[in-house]
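Here are my notes on the model, set out as numbered points. Please read them with the structure open.

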Amino acid sequence: MTSTRSRRRVLVLALLAFVVATAAYAFTAGNTVPASKAGDGSGAITGYNVTNVAYNLDAANPQLIDSVEFDLDAAAGEVKAKVQAAGTNWATCTNAVNHWTCDFAVNPTVLSADQLTVVSVS
């Protein structure tokens, strides 16, 4: 009898493994993955030339910088700027044909402005 029980257990386990394998195959067969590319390489990061910089003062308080404007020498997709080297007050910039205007949410003081930092990506 022990032999019959062992055979039944083996048969049940084999049947269970078959069902699990079939279910896994059915699941993966239903997935569609689009074609993609992957690779490894390097290229130079040339950066942008920033020109025609102009600082705009707040109309109500000229001790504050309301915005900064500048031109980039090439098209960019997203640009941020700040005027304090140690600050975290990044201005969101909008584009008008490579002429960017960056409005500060919290206007920095003219006295605290010590460095224009522009970060941009294409």
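1. The pairing of β3 with β6. Strands β3 and β6 run antiparallel and are joined by five bridges. Within this pairing, Ala 81 of the protein stands opposite Val 118 in β6. Please keep in mind throughout that this is a predicted model.

2. The other partner of Ala 81. Ala 81 also stands opposite Ala 91, which belongs to β4. Strand β3 covers residues 78-82 and strand β4 covers residues 91-95, and the two pair in the antiparallel sense over two bridges. Lys 80 has its bridge partner in β4 as well, namely Thr 92.

3. The sheet as a whole. In what order do the six strands of the open sheet follow one another? The order is β1-β2-β5-β4-β3-β6, and the pairing is antiparallel. At the edges are β1 (50-57) and β6 (117-121), each of which pairs on one side only. On average, neighbouring strands of this sheet are turned by 25 degrees against each other, with direction ignored.

4. Elements along the chain. The protein has one helix and six strands. Read from the N terminus, the elements run α-β-β-β-β-β-β. The order along the chain can be set beside the order in the sheet, where β5 stands between β2 and β4, and β3 stands between β4 and β6.

5. Glu 78. This residue lies in strand β3. Is Glu 78 buried, partly exposed or exposed? Its relative accessible area is 46%, so Glu 78 counts as partly exposed, a class that runs between the 20% and 50% cut-offs. Leaving aside residues up to four places away in sequence, Glu 78 touches Val 119, Ser 120 and Val 121. The C-alpha atoms of Glu 78 and Val 121 are separated by 5.6 Å, although the two residues are 43 apart along the chain. Val 121 falls within the range given for edge strand β6, 117-121.

6. Thr 117. Thr 117 has its place in strand β6. With a relative accessible area of 18%, Thr 117 is buried, because the cut-off for that class is under 20%. Its side chain makes a polar contact with the side chain of Gln 115, at 3.1 Å. Not counting residues up to four places away in sequence, Thr 117 touches Lys 80, Ala 81, Lys 82 and Trp 90. Two of these have been met already: Lys 80, the bridge partner of Thr 92, and Ala 81, which stands opposite Val 118.

7. The disulfide. How many disulfides does the structure hold? There is one, and it joins Cys 93 to Cys 102 with an S to S distance of 2.0 Å. The torsion about this S-S bond is about 105 degrees, so the disulfide is right-handed. Both Cys 93 and Cys 102 are buried. Cys 93 falls within the range of β4, 91-95, and Cys 102 falls within the range of β5, 99-103.

8. Backbone angles worth a look. Most residues other than glycine have a negative phi. Asn 52, which is not a glycine, has a positive phi of about 55 degrees. Asn 52 is found in strand β1 and is exposed, with a relative accessible area of 56%. Val 97 likewise has a positive phi, near 55 degrees, and is a residue other than glycine. Val 97 has its place in the loop between β4 and β5. Its relative accessible area is 79%, so Val 97 is exposed.

9. Figures for the whole protein. Of the 122 residues, 18% are buried. The accessible surface comes to about 9,200 Å², and carbon and sulfur atoms account for 59% of that surface. Among contacts between residues at least 6 apart in sequence, 58% join residues at least 24 apart. The contact of Glu 78 with Val 121 is one to look up in this connection, given their spacing of 43 residues along the chain.

Technical notes. Residues numbered from 1 in each chain as written. Predicted model: local features only at pLDDT ≥ 70, side-chain atom pairs only at ≥ 80, totals over all residues. Heavy atoms only, no water. Pairing = 2+ DSSP bridges. Helix = DSSP H or I, 4+ residues; strand = E, 2+ residues; numbered from the N terminus. Axes fitted to C-alpha atoms, helices over the stretch in contact; angles between N-to-C directions. Disulfide = S-S within 2.5 Å. Buried < 20%, exposed > 50% of the residue type's maximum accessible area, 1.4 Å probe, protein only. Contact = heavy atoms within 4.5 Å. Polar contact = N/O pair within 3.5 Å; in protein donor to acceptor, adjacent residues only side chain to side chain. Areas by Shrake-Rupley, 256 points an atom, 1.4 Å probe, with all protein chains shown as cover.
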